Every structure is written in structure tokens, then in C-alpha cells.
Amino acid sequence: LYDCKSIAVLLRHWHLGKLISIFQAHEIDLDVAVDLTEEELHEMGILEKGRRKRVGLAVENLRNWAMRASTSR
């Protein structure tokens, strides 16, 4: 999955496709998404706790993958 090229693919994979427009409006790509916090997600307008938690899980998995990929290079 994480060889995907866009945040839209990541969000769709986590069943968060409804949030794609929010991420695009805030110009969040995969590089920026890695560092998102729950507070930042709330500021972006993702007010539902369940959605923030799912985005948080997606970001955590993306972060873990990025760390593994950087150490294997």
C-alpha cells in the first residue's frame, strides 16, 4: 500500500475517502500527513472522534512504514 503516490489512495484504503477534499484543501500530501497530530486534524475540521482516530491509525501506519523504509535504505 505505501508505495502509493497520493494521500487520496491512502485515505480510500482506510475507508476515509470522504476526507479527501479536506486534505486537498489544506494541501496535505503523504509527506505532510506523516507528521499530523490529532489536534491538527481537529483544526482541519475533522471533528468526529472516530474519524480522527482512523486517520490517526493511518498516519501511524504510514509513519512506521516510512521509518522502516528509511532504515532499510
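Reader: What makes the contacts in this structure count as two salt bridges?

Author: This is a predicted model, in which local features need pLDDT of at least 70, side-chain atom pairs count only at pLDDT 80 or more, and totals for chains, interfaces and linings use all residues. Side-chain values use heavy atoms, with hydrogens and water left out, and residues are numbered from 1 along each chain as its sequence is written. A salt bridge is a side-chain nitrogen of Lys or Arg within 4 Å of a carboxyl oxygen of Asp or Glu. E38 and K49 have their closest N and O atoms 3.8 Å apart, and the side chains of R52 and E38 meet at 3.4 Å, N to O, so both pairs satisfy the cut-off of within 4 Å.

Reader: Why are E38, K49 and R52 joined into one network?

Author: The two salt bridges share a partner, because E38 pairs with K49 and E38 also pairs with R52, and salt bridges that share partners join the three residues into one network.

Reader: What makes the salt bridge of E38 with K49 a tie between parts of the chain?

Author: E38 lies in helix α4 and K49 in helix α5, so the pair ties together parts that are 11 residues apart in sequence. Helices (H or I, at least four residues) and strands (E, at least two) are DSSP runs, numbered from the N terminus, and by this count the chain has five helices and zero strands.

Reader: How do you know whether R52, E38 and K49 are buried, partly exposed or exposed?

Author: Buried means under 20% relative accessible area, exposed means over 50%, and partly exposed lies in between (1.4 Å probe, protein chains only). R52 has a relative accessible area of 10%, so R52 is buried, whereas E38 at 36% and K49 at 49% both count as partly exposed.

Reader: Why is D35 called exposed?

Author: D35 has a relative accessible area of 57%, so D35 is exposed, and its place is in the loop between α3 (30-33) and α4 (38-43).

Reader: How do you know that the size of the chain agrees with a compact globule?

Author: The radius of gyration is taken over C-alpha atoms, and the globule rule is 2.2 Å times the number of residues to the power 0.38. With 73 residues, the rule gives a value near 11 Å for a compact globule, and the chain has 12 Å, so the chain agrees with the rule.
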